[in-house]
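Open the model in your viewer and keep the sequence panel in sight. The tour begins at the ligand and ends at a pair of helices.

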Amino acid sequence: MGFVWLFRYPPILWAWRTVRLKPAQTWAQQLLRWKHSEGGPYKAVIFDMGGVLIPSPSTVAAEWEVQNRIPSGTIIKALVAGGDKGPWLKFMRGEMMVEEFLQAFGMQCSEMIKSPVPVDSFFSLLTSRQVAQQFSVMTEAINRIRAEGLKTAVLSNNFYLPNGESFLPLDRKQFDVVVESCLEGMCKPDPRIYKMCLQRLQVEPTEAIFLDDLGHNLKAAAQLGIHTIKVNDAENALKELETFLGFPLRKIIPNTRSVRKTMEIPRDSLEKYLRNLLGSQAAGPVEVLQFSHGQSNPTYSIRLASHHLVLRKKPPGKLLPSAHAVEREFRIMKALQDAGVPVPKVLDLCEDPSIIGTPFYLMEYCLGQIYKEASLPGMEPSQRKAIYTAMNRVLGQLHSVDIKAAGLEDYGKHGDYIQRQVQTWTKQYRTTETGTIPAMERLIEWLPQHLPKAQKTTVVHGDFRLDNLIFNPEKAEVLAILDWELSTLGDPLSDVAYSCLAHYLPSDFPIIKGLSDLDITQLGIPTAEEYFRMYCRHMEIPEADNWNFYMAFSFFRVAAILQGVYKRSLRGQSSSATAEQSGKLAEFMSNLAWDFAVKEGFRIFKRIPTTRLSTRSYCHWAHRRPLLIPSGARSWATFSKASQAATSKGVLIISPEALSEPVRDLHHRLERFMETHVYPIEQELRNYQMSEARWTPPPQIEELKEKAKSEGLWNLFLPVETDPEKKYGAGLTNLEYAHLCELMGKSLYAPEIFNCSAPDTGNMELLVRYGTEEQKTRWLLPLLEGKIRSCFAMTEPQVASSDATNIESSIREEQGVYILNGHKWWISGILDPRCQLCVFMGKTDPHAPRHQQQSVLLVPMDTPGIKVIRPLSLYGLEDPPGSLSVSAGGHGEVLFENVQVPKDHMVLGPGRGFEIAQGRLGPGRIHHCMRLIGYSERTLTLMKERVKSRVAFGKPLAEQGTILADIARSRADIDQARLLVLKAAHLMDVAGNKAAALDIAMIKMVAPTMAQRVIDRAIQAFGAAGLNNDSPLAQFFSWARALRLADGPDEVHRTTVAKMELKR
Ligand SMILES: Cc1cc2nc3c(=O)[nH]c(=O)nc-3n(C[C@H](O)[C@H](O)[C@H](O)COP(=O)(O)OP(=O)(O)OC[C@H]3O[C@@H](n4cnc5c(N)ncnc54)[C@H](O)[C@@H]3O)c2cc1C
């Protein structure tokens, strides 16, 4: 099963049909000379640059001298004059830079002819783009040499340009080794430089061939035992090289090579067969070359007399019955040919394995133009548009074939194509899975639930893209559609979506050069939406509104295939670089697929009539597959069920009842824990906070922490996005955690009990994301175990710290350590005796660009020089340890005086502080908002209880109009804010923190003021009792108020929202 193009990167080896091939008149004679190259004595070809790959300096000089009326030969004479000590060779050895060389060289030339010589202009010409271009015959030859498995090198006497780089107007990727004299400090004919080149190529001198235009360079190479070729003109040199190598280098059929040893086909019986087929005029030897691709179904270029054919056969050996179905390919092409669809003309299917060992079929070699790059470089916008229109039309033509009339009714199953495909690729993915790719998990859930309702059945190509089409070189007309390996009967829109993949890939993408970063409208290329619409218009069908689904499906399929490539490469079948890359690409593709799923989700969401909105109508998810912790990975979350739980990405779940079963269970147990253990001791804890013992962490909290841990209610905060393998956390989504965090927010003491309180949560996330393994072992693990606590030190009294670029504390590097100096305040948790780690932000480079001045250091709290000056009070409260959900352990004012820390305490690296602060404030940013919903909900509950039992002026307060109005307002306020918080969490899950920036800013702007209003109304309804510490209201109020600053001032969030809104 196919997608051969994906299995072959890099480099992408393009298929057997090719570009503007002119029939080679001399092929039959040449053929006699070629012998098989595999196993030949040569392993590498080394090229000189000037005079071999690009014009020689002497040729350029000769022309320049004529144009500038300089006596002929002046430049060359001057170049060799002075020998080893002359300016030219010094320049070549990198001992002189351009200016110095030109000055010395200019003087030398001028003295020679006794008149000024403008050597600058010669140098400019020599290095100009129009002159310094690689000969195309050489490019073709190098490609061929590499296709045959030989190594290539360039060994050049070379020099530096004024910009400090060496002069190398060649594509380095063509060479395994590049040796330049100016970089090595030695020149040809110095034998050492040849030896260096051979060493880097890892070949013996007798295994290499060297091409140069200068005799003395060749002589030195020959003395070492290297075979040499003198290059006077490129064509003749290549002819000589061909005889050495034993395979053709010129006028070749692109992307072909001599037949691999294991892929040989018996020539005699093939020749006999061809003569029978083609008639008696097919005389002469048969030329067989192999197309570079086709590991799946080997494909050959066959030339006999005036015939040029393509032969495609099954691979040798035992095969699965349905695999490598060349018979199917022949059948579909034959049927389509008869139905008028442009395909290469098929000639014969030979099912008799005795001819060449396996069944095969033959088709005519199709001459035309293939466009490999989706951007169609070098074309006018109108031409590009015409090409895409032709592509769109031919697809329509294919999908319009009457399958009954074409005899293709049994070519595939009818109906449910997408469903079957999703199942197939899911199965395929599961068998090659190497770790959890979150987006794939979501897609595997999402795709089956959003299958298109109505699917047409037509012939589908299965791999329809621009570079599978041969175009008429003169006009925008498709001459043939190629590569039918994946064709079947199915939903035609899948082909339409698949042909738009390049639209969403960047132009430097390793598999295919995409279009996503180009202005395609300016290029004249239709957008994917326009392309879809164009198709629907051509086909006269209603415009498909669910094309995002089809895009999601297409990218999902590609991701599954890439995962297969990755798995195989891990088994050692590819280079490690390829392996690593394909692994990343699978994830990249699945993320793209998920982006489309999200867009489709929003489209469906917008179309749901408002009257139908209910909790469950948001939730389309069910029966999710457990996400297992990979074996060997240690989970620091003690919630075992959550570890296996679903990550409910893709739906906005607005009520805990709609959570997946394991998370709902977690919610339920958390709620019970709060009711059984936390609310009952709140009053005791409030009293403790005001006692003498208050700076010692309350023992009740320590006890409950152990209990929570043992019940699996621990470290629930770390989002699956940060910790996809759930090594450290419970693997919940932000949305799932939002429901749990709201619950914890109902008590100011709860977050610490579940190891989910600030600032530890933010610091732990910082360490998971950016910490080194050593940093994680030293700090993250004890934090995850709840053994130590930490603080985050950014704010400074002397500057407006809402603008973090103002931070002035300095971090200076001196004698292998960092020295910190600064004055910080409002550092929450620093007074807690368990606080052992201070995450410190300061400036390493005040002169760097604004956002690269700051760095983050991990500072052990017992480092000399840290002086806590005083605790700061908040509305008169000191906020001692164990107390509050915002933070714990008091807010300190601190001096850092010449505090020394080792250099490996830096996080990420100097200047990365801003980046880290943004990351730290990722999910952690919205936890306060989640908890504020919890404060408010608890407050409203307390208020309702109070007003029902309290009687004033003859009736319960609950019957007073103003109280009723306040309750109504609070209910609406809380629900509005909660929806916004859940939406922000959901967006962070499905679209990422960056895409959710607006929603994050909105909730930070909304949640604290909302909570403050709700709590204020409740305090009012409580009367004076609302102000003392007999209820949590007073503390709730002060925290809600503080959070309008602590989490960034309201104004800053409002500014963010307004600016983003104005840009929309
Ligand atoms: C309870 C609590 C806990 C805290 N914990 C920590 C901690 O652990 N670590 C830490 O480093 N810091 C902590 N802080 C400090 C907090 O982060 C800062 O107070 C906050 O960033 C604001 O900085 P600032 O106080 O210097 O106010 P300033 O930057 O001086 O701002 C003062 C006021 O200026 C106005 N303003 C500022 N910018 C704008 C704007 N763009 N548009 C309009 N008006 C504007 C606003 O009204 C703002 O309130 C905490 C604060 C509190 C209250």
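By class, how many nonpolar, polar and charged residues does the shell around the ligand have? The shell has twelve nonpolar, six polar and one charged residues. Here Ala, Val, Leu, Ile, Met, Phe, Trp, Tyr, Cys and Pro count as nonpolar, Asp, Glu, Lys and Arg as charged, and the others, Gly among them, as polar.

This is a predicted model, in which local features need pLDDT of at least 70 and side-chain atom pairs pLDDT 80 or more, while totals for chains, interfaces and linings use all residues. Residues are numbered from 1 along each chain as its sequence is written, and side-chain values use heavy atoms, without hydrogens and water.

Select the ligand and the residues with a heavy atom within 4 Å of it. There are 19 of them, and the closest are Phe792, Thr795, Ser802, Trp826 and Ser828.

Next, show the polar contacts (pairs of N or O atoms within 3.5 Å). A backbone N or O atom of Phe792 is 2.8 Å from a ligand nitrogen atom. Backbone N or O atoms also lie 2.9 Å from an oxygen atom of the ligand at Met794 and at Ser801.

Now colour β18 (789–793), β20 (817–828), α36 (1033–1046) and α37 (1050–1063), the elements that give two or more residues to the shell. Helices are DSSP runs of H or I with at least four residues, and strands are runs of E with at least two, numbered from the N terminus.

Finally, add helix α35 (residues 997–1022): its axis and that of α37 come within 9 Å and cross at roughly 140°. Axes are lines fitted to C-alpha atoms over the stretch in contact, with angles from 0 to 180 degrees between N-to-C directions. That angle makes α35 oblique to α37, a term for angles that are not under 35 degrees, over 145 or 65 to 115.

Conventions. A polar contact is a pair of N or O atoms within 3.5 Å; within protein, one must be able to donate a hydrogen and the other to accept it, and residues adjacent in sequence count only if both atoms are side-chain atoms.
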